[in-house]
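This report introduces a protein structure to a reader who has not met it before. Please view the sequence and the structure together before reading on.

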Amino acid sequence: MLAALVPSLTLFHSGKTPAAHAVGTNTSPTITPSVNIVRPKDTIIVTGQGFAADDTVYISLDNYLSNLLGTLSCDSNGNCSGSVTMPPYPGVQGQHTLLAKGTAQGELAQATISFIPRIYPFKGGPGSSISLTGSAFAANETVPIYWGT
């Protein structure tokens, strides 16, 4: 009987939208990367929700105290989105943690991303020597290099 009455209840509030009421509640903020598999130097979009209104959110890799990738600016509802660039030498391939920390209330959020290796070629003409540099490979990993088709 009570369930039948609930839909007919009218809720009054101070004129703020329901999303505005969510800001500052006990819900945990979240972040979502545009892709889950990245290579060193890739630029991705990170979207956040549930942070404090008009907050600045720091995005880091694996550690809140270092590896800062960039900052996002939240709107009045605590939502934010922006691009960050992965570091050229993120460590070994595999899973890493993308971290977000709001400055207003210290809210924390995280998402898992996976790094796959990348090789950085240097240009050279026919008959010239070139050097290749790579990152995100495992220690002592043998990497075959093939030229052409």
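The sections below describe strand pairing, an open sheet and a surface patch in this predicted model.

## Strand β3 and its partners

Strand β3 spans residues 43-49 and has two contrasting faces: I44, V46 and G48 lie on the covered face, while T43, I45, T47 and Q49 lie on the uncovered one. In a regular strand, side chains alternate between the two faces of the sheet.

Strand β3 pairs with strand β1 (residues 30-33) in the antiparallel sense, over 4 bridges. It also pairs with strand β6 (residues 80-85), again in the antiparallel sense, over 6 bridges. V46 takes part in both pairings: V46 is the bridge partner of P33, and V46 stands opposite G82 in β6.

## An open sheet of five strands

An open sheet consists of 5 strands in the order β2-β8-β7-β4-β5, and its pairing is mixed. Its edge strands are β2 (37-38) and β5 (68-73), each of which pairs on one side only.

At the β5 edge, strand β4 (residues 56-61) and β5 pair in the antiparallel sense over 5 bridges. Within this pairing, I59 stands opposite G70 in β5.

## A nonpolar patch on the surface

Six residues, I119, I130, L132, V143, I145 and W147, form a nonpolar patch on the surface. Together they have about 550 Å² of accessible area.

One of these residues, L132, is located in strand β10 (residues 132-135). L132 is partly exposed, because its relative accessible area is 35%, a value between the 20% limit for buried and the 50% limit for exposed residues.

Conventions. Residues numbered from 1 in each chain as written. Predicted model: local features only at pLDDT ≥ 70, side-chain atom pairs only at ≥ 80, totals over all residues. Heavy atoms only, no water. Patch = residues over 30% accessible without salt bridge, like charges linked within 9 Å, V, L, I, M, F, W, Y side chains within 5 Å. Areas by Shrake-Rupley, 256 points an atom, 1.4 Å probe, with all protein chains shown as cover. Salt bridge = Lys/Arg side-chain N within 4 Å of Asp/Glu carboxyl O. Buried < 20%, exposed > 50% of the residue type's maximum accessible area, 1.4 Å probe, protein only. Pairing = 2+ DSSP bridges.
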